Every structure is written in C-alpha cells, then in structure tokens.
Amino acid sequence: MSITSPDDRLSIYNPVVATTDFAAQFPIFDNADLGVQVDGVDGVDFTVSATYTDGVSNDATVVFSPGITGEVVVYGKRDPRRSNTIPVSGPIPARDLNLAFDTLEIEMQERKREMDGAIRAPVGETGYSLGSGLANGDTLMIQGKQLVKGANAADITNAQASATAAAGSATAAATSASAAAGSATAAATSAAATAWRVFADVATATAATIPSTATYIAIASYSPVPRFYKRFVADPGGDRFQSADGAWWQGLPLPGTSLDFANPVARAGNVTFVTGDLDQVHLWTIGAGTTYTGTLMDPDTCIGRILHVAVSPASRGLLALACVDPIGLFVTGDLVLWAGESMTLIARAGRWEIIGGRCIPCALMATCPGLNVTVASATVSLTTQWVTSQGGDINPGAEWAINGSGQIIVPRKGFYQSFFDVGISWAVVPTYAYASCDSVAGLQSFWGTGTGHGSGANAIMHASDAAPYTKGKLFAPKVTAQAGNSVGIDRQTLGAPLFKLIETPQW
C-alpha cells in the first residue's frame, strides 16, 4: 500500500438507530492510531478490530457495545514514531520503504488537519504574540501585534459595587429600584463573562470557579498563542481538566473562520447580525439616496469569528455599520461604506478588528459657479452652491461629500486634506486679502501690498489644510479683504472657485 492522495483521515457517520461498527475509511498502522468522537465528546468505550498485512491495516473498524446513535467521527490520531528500521547495509525491501514513508505521510496529514482548524493570521502577515504580565481573570486587548492585558476581576467588583449603590439609592421608588437592580445584575453577569476569559496556566484555571456563561477559555502559558479550551458537562477525555465549579474543559480549536466569496449572502435592507451570519460574506445592493444599517453583535460573544461586509459596485446608496463596541477606530455613527467598498472583521475582546477589505477614499473636486461676489473690508463665506460631476464607479465617495443644500460635508470620520483656489479682482488694490479652506483663524493664503506681489488687477489665491474631522462636519471656505475698492471674488472672468477634499485611506 502507498498513500498518494490528500486525506484528512476522518470518517463521519450519523446513525439514527443503535449501531455498533464504524469503519475507518483510511489505513492505520496500530490500533492506538484511532480515536472517536460521539456528538463532539471523545469516546472511550470502544474497541478496534483490524487485520494487518506488512504492518498496515485497511479494514480497521471501531466497535461499540452496546450500539450508539448521533454524530460519530472516526479520526486518525497517530503519535509521531518510527514503524520500522531500515538496515544500515544490504538491500532495502520496497515494502519497508513504503511503510516508513506511509507512516510519515499520515502523520503529516493529521497535523495539517489540526492546523487547518487553528486560528491563523492572513497569508503573508505575522500572527499576534501574547504579552507578559497576564493574571488570573484578565481579558485580552489588541495593542499593535500583541494581545495584552485588559480588564480584570476588579472591574467586576466595581460593577457590582455600583449596582449595589444604585439599588440602595432607589429604595424610595420600589419599582425603579427593581428595574435598576435587574440592570445591574445583567451588567455584572456580562462583566463576569468577559473577565473570566484568560488564565495564566492550567493549574490556575483548575482552581477557579468559572461562570457558566463562558463557553471558551484560554490558557496564556502556551506559546506563541494561547491554547483555547471548550466547556463540557461530562468528562470529554483527551486533553482536558476540571475547574473548581465542576465544569470540564477540553483543548479544542475555536470554530472555523473560512469565507466563501463565491457565494455571498445577498442583502438589500437593514440587518441585525446573529450567530448564523458569522463566517460569511454579506453583499449589499443599495439604491440611490438610500442608507441601510448593518448592526453587529457584541464581539465579546463571538471572539475569533469573522464577518465580511461589502457594497456592490453598482450601488448608489450607503451602508452604515453599528455596534455597542468600536469597529476598528470607529464608533456607531462614524462609519459608512459606499459603492465598491468592503470590510473584513474579526471579533476581539471589546472591539471588532478590521483585518482586510477595500477602502475607496473620498476624492471630491467641486466648483462654486455664479455671479461675482463683493468683498468690502469683510469676510465672505462660500457655504452653499457647490456642485460636482464626480461620483460613480471611479470616485463613488465624492457624491456623498456634497449634501442637498450644496454644502461640502465630511462623509465619514477620518483624516482629510482640503484645498481651496479662488480668484480675486479689484479696481483699487486692497491693503491685504487672504483665503482659507474653512476658518478665518486658520490663515492659509495671504496677499497684500507689502508682500512683494505688486498691485496688479487680480490674484489667484491657494489655500490648503490637513486635519482629522468627524462625520458630518460642514466646510465654509472664506475670503477676507481689507480696504481697496471694488474688491471681489471674480467668478465671471477668473473662473468659479475650486474646492478639493481628499480622504486618507482608512483600512
């Protein structure tokens, strides 16, 4: 026998009547090479029936007595070891070479199966390392490429103390006190579920009473990443331990996080995500002038799970994302996606981390046409009547940077560069004139009789700025002049003022 094709060394059955025999549909080299899970729990009450030829069995069967029902997974679990020894000299039988190579191959196939179920960084990226100083009850937070210490049991104590104080203050109003106490209990329970997530080592976890709300815990002493354990009511066998509260914990990979981009879930409305939506691609088609909202679940309830959200290139609306916790550096109300954009998110403790996707930065170029405007020892703000012909497939964000009143508006929170070009003319030269992208206090472009520009009949002023802005901030480009005669913004001869707003890529 020679192993020449990929194999995950799994045989899965779902008997609905009591069944005793389950064939391993792959070769083994020793009865100890087989393991069984029944409904996700390691089975121990079974025997292995197999016949071996030249050290290999192709008819191994797992036998239960009495028979069982449910999901039965027969899997290979060979510990790496030599099956035979090649002589130092003399002829080497092909049988011995095949046996040696076949045992190596199945051990590598089983290791690949286990690695495929592990948490991995995207291809080409370095995974997260675990910070030092973690203690019993700490949560994890992301800091650069490290998972570092977050909130601990003290946070729970503070939450419980606050709840007690709230209940005491509400004594005069019994109904309100009851409601406040209920809210406080829920908050304390939620805090407890978050705080008891990471333990320094197995000994610490064994001695701990772990809240029943915790489905998974992590042991920090494993390197380079924590080892995750899943809760079981009964002894699951294998790599496991029992905590002080009686729960059993078995070392298992977290749920898989693969994404099927070829078969996205079509969306065309508001969506509140649920557990069944995780590890899927969600693609919105949104009509002109429409904004839909995708509300993410609390990331603390689904750590390690992935979501991919996207807006189709043909859309002409917006997708707003909302969550009780931050999404990257955004909070609810900050973040929208427009046509052609997408975002891949992974749930971490206390936030959704942005780990991929496509950002198409807003790049607006707008003009403000019309009649000339007089600037007589005063400040003129060009707040409305801005127009643009941009938008569509090439620059979809531009159409969201001008509102229905012709005002220039920041479409989503971020860091932007702004540029303002305006033509000024006069009959008698002013003492000075200056322009700014938004604020008189922020002097950005200056012209005057003492600047060496001479006293021509006109000047083109250029102003620029770069700063972080919140979503919805309105720009008011300004021109100020002092003295002179017939000083004004000359849109008829020198052309309409020009404003550009460029977003820095955010993910």
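## Exercises on strand β20 and three backbone features

In this predicted model, six of the six residues of strand β20 (residues 306–311) are buried, so the strand is largely enclosed by the rest of the structure.

**Exercise 1.** Work out which residues of β20 lie on each side, and which strands pair with β20.

Solution.
- Step 1: Sort the residues by face. Ile306, His308 and Ala310 are on one side, and Leu307, Val309 and Val311 are on the other.
- Step 2: Check burial. Residues on both faces are buried, so both faces of β20 are covered.
- Step 3: Find the parallel partner. Strand β18 (residues 281–284) pairs with β20 in the parallel sense over four bridges; His282 has Val309 of β20 as its bridge partner.
- Step 4: Find the antiparallel partner. Strand β23 (residues 342–348) runs antiparallel to β20, joined to it by five bridges. Ile306 has Ile346 of β23 as its bridge partner.

**Exercise 2.** Locate Asp54 and Ser486, give phi for each, and classify their accessibility.

Solution.
- Step 1: Asp54 sits in the loop between β5 (46–49) and β6. Its phi is near 55°, a positive value in a residue that is not glycine.
- Step 2: The relative accessibility of Asp54 is 49%, so Asp54 counts as partly exposed.
- Step 3: Ser486 sits in the loop between β34 (478–482) and β35 (488–489). Ser486 is not a glycine either, yet has a positive phi of about 55°.
- Step 4: Exposed means over 50%. Ser486 has 51% relative accessibility, so Ser486 counts as exposed.

**Exercise 3.** State the form of the peptide bond from Ser65 to Pro66, and place Pro66.

Solution.
- Step 1: Omega is near 5°, and the bond is cis.
- Step 2: Pro66 belongs to strand β6 (residues 61–68).

Methods: Residues are numbered from 1 along each chain as its sequence is written. This is a predicted model: local features need pLDDT of at least 70, side-chain atom pairs count only at pLDDT 80 or more; totals for chains, interfaces and linings use all residues. Side-chain values use heavy atoms; hydrogens and water are left out. Buried means under 20% relative accessible area, exposed over 50%, partly exposed in between (1.4 Å probe, protein chains only). Helices (H or I, at least four residues) and strands (E, at least two) are DSSP runs, numbered from the N terminus. Two strands pair if DSSP finds at least two bridges between them.
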